[in-house]
Amino acid sequence: MTPRVINAEYIKTKIIEAIGVLSFRSDPKLLNCMRAARQSETSEIARDILDAILDNAAIAANEQIPGCQDTGTLVFFVDIGSSVLIEGHGLTAIIHEAVAEASRKFYLRRSIVRDPLLDRTNTGDNTPAVIHLSLVDGDGLVIHIAQKGGGAENMSRLFMLNPSSGREEIISNVIRTVTEAGAKACPPLILGIGLGANFETAPLLAKRALFQDLEARNPVAYYAELEDEIKSRINSSGIGPMGMGGNCTVLAVHLLQAACHMASLPLAVNLQCHAFRHLGIRI
Amino acid sequence: MNTVKLELPINKEQIRNLKVGDKVLLSGVLITARDQAHRRMVEMLERGEELPIVPRETCIFYCGPSPTPPAKVCGAIGPTTSSRMDGATLILLEHGLLAMIGKGERGSELVERIRAKGAVYFTCLGGVAALLSKYVVSCETYAWEDLGAEAMYKLVVKDFPVYVSIV
């Protein structure tokens, strides 16, 4: 197979461009969800908050100010075709350089510290980014990028359930996660759920689920219904926007499932705050 | 929803008139401090040193702003999760702290202490940091510049919207 050669600088430029979009422009589908929630909210304070979220999106876009001061950990899921050859520089080096450059260019907050315990000094340029590489067939290069805030990430959970746990136990653990998170996770939320796989892969599925189109539903009818049930039961909990009460706590639920060991039933719940900043680019 | 305007610093008498759920428009000085700044303040108090703030006269804002772009007053301004600062706040309350702004619930021990001390905890909206930046009149580094986003910043605000959460 003839390799497809892609220039490293070109990839870097595309990543920086995408980070600029993520930093200032809200996903139009997210804004549609917010407007729909605004229509159906009955609480005055919830409507006040949803209006503030919509105003915030307009100011961020018009004035190039990040919509949230926590411009997050830069997370990358890269699907690289086995016949792609990158010319000039290694892929991970390109990503780290792009993150550092975009952080300076767009005045992103520097939120990454050097070491979890020994040295919590700031690295000063938001590197290292978190990078997940997957080798796939073909000559494509798809890069999914997220700015993931710390508040919702801190309240995300992994449960290693018993295989005898049924649908109800899965739902109640997801509800518990969202309830315990309360205002800390900045609802209305988008939920990424990973079900099955193993200890390290369930959270990866949950995170990957957050990159789906906001309107996407699980292709398996059973799981699509499960997504719907989780959404409607959480929304009837009354937590509401920013935990101040209301019927809009979750905007979307995305579940990805995978085969698992006969002894296991891992469940990972990755919370995404309303500052939803996920984007995929195809190079 | 009751809306009140207040000038900072606020005193115990003004706090006594507040009710949970009130919307308050704050004007005056806010000093930002998050995890690292709180850690340093606690260490200084343990050593008997004087803090860079006077707790009684300071409204602490749990916030790490994004950098100020050229020709702008400030970057994005918004709250971080307050409960991470609960331990340090118990100590700061003993030194007179009366007002703080952040996001999310506080631990039950702290809730009691806030009430017993006649202090107030305000929350403001998370994830609307471009909007909140519009209420900022000026932003400058106040202390501990080496901490980057976790340094203390002095924000002068006008009608900055918060909600009374614990009083």
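**Exercise 1. The nonpolar core**

Task: In this predicted model, which residues of the largest nonpolar core touch the most other members?

Solution. Start with the size. The largest nonpolar core holds 125 residues. Next, look for the members that touch the most others. They are Leu189(A), Leu191(A), Ile193(A) and Ile101(B). Then check the domains of chain A. This core takes at least three residues from each of domain 1 and domain 2 of chain A.

Now take one of these residues, Ile193(A). Leave out residues up to four places away in sequence. Ile193(A) then touches Val174(A), Ala206(A), Ala209(A), Val253(A), His254(A), Leu255(A), Ala268(A) and Val269(A).

**Exercise 2. A helix with two faces**

Task: Find why the buried residues of α2(A) line one face of the helix.

Solution. First, locate the helix. Helix α2 of chain A covers residues 28–40, which is 13 residues. From first C-alpha to last, α2 of chain A reaches 19 Å, close to the 18 Å expected at 1.5 Å a residue.

Second, list the buried residues of α2(A): Leu30(A), Cys33(A), Met34(A) and Ala37(A). Buried here means that 20 or more other C-beta atoms lie within 10 Å of the residue's own.

Third, look down the axis of α2(A). The buried residues fall within an arc of 100°, so they line one face of the helix.

Fourth, turn to the face away from the buried side. That face of α2(A) carries the exposed residues Pro28(A), Arg35(A) and Gln39(A).

Last, find the packing partners. The buried residues of α2(A) pack against α3 and β8 (250–260) of chain A.

**Exercise 3. Two domains in chain A**

Task: How many residues does each domain of chain A give to the contact between them?

Solution. Begin with the bounds. Domain 1 of chain A spans 4–24 + 67–148, and domain 2 spans 150–276. The C-alpha centres of these two domains of chain A lie 26 Å apart. Now count. Domain 1 of chain A gives nine residues and domain 2 of chain A gives eight. On the domain 1 side, strand β5 (residues 141–148) of chain A supplies the largest share, three residues. Sort that side by type: three nonpolar, four polar and two charged.

**Exercise 4. Where the chains meet**

Task: Which element gives the largest share of the side of chain A that touches chain B?

Solution. Count the contact first: 34 residues of chain A meet 29 residues of chain B. Then find the elements of chain A that give two or more residues to its side. They are α3 (44–63) and α5 (150–154). The largest share, ten residues, comes from α3(A). Finally, sort the chain A side by type: 16 nonpolar, eleven polar and seven charged.

Key:
Residues are numbered from 1 along each chain as its sequence is written. Chains are lettered from A and ligands numbered from 1 in the order in which they are written. This is a predicted model: local features need pLDDT of at least 70, side-chain atom pairs count only at pLDDT 80 or more; totals for chains, interfaces and linings use all residues. Two residues are in contact if their C-beta atoms, placed from the backbone, lie within 7 Å. Helices (H or I, at least four residues) and strands (E, at least two) are DSSP runs, numbered from the N terminus. Ala, Val, Leu, Ile, Met, Phe, Trp, Tyr, Cys and Pro count as nonpolar, Asp, Glu, Lys and Arg as charged, and the others, Gly among them, as polar. Domain bounds come from an automatic or database domain assignment. A nonpolar core is a set of buried Ala, Val, Leu, Ile, Met, Phe, Trp, Tyr and Cys residues joined through C-beta atoms within 7 Å. A residue is buried if 20 or more other C-beta atoms lie within 10 Å of its own, exposed if 12 or fewer, and partly exposed in between; C-beta atoms are placed from the backbone. The expected span of a helix is 1.5 Å times one less than its number of residues. The arc is that of the directions from the helix axis to the C-beta atoms.
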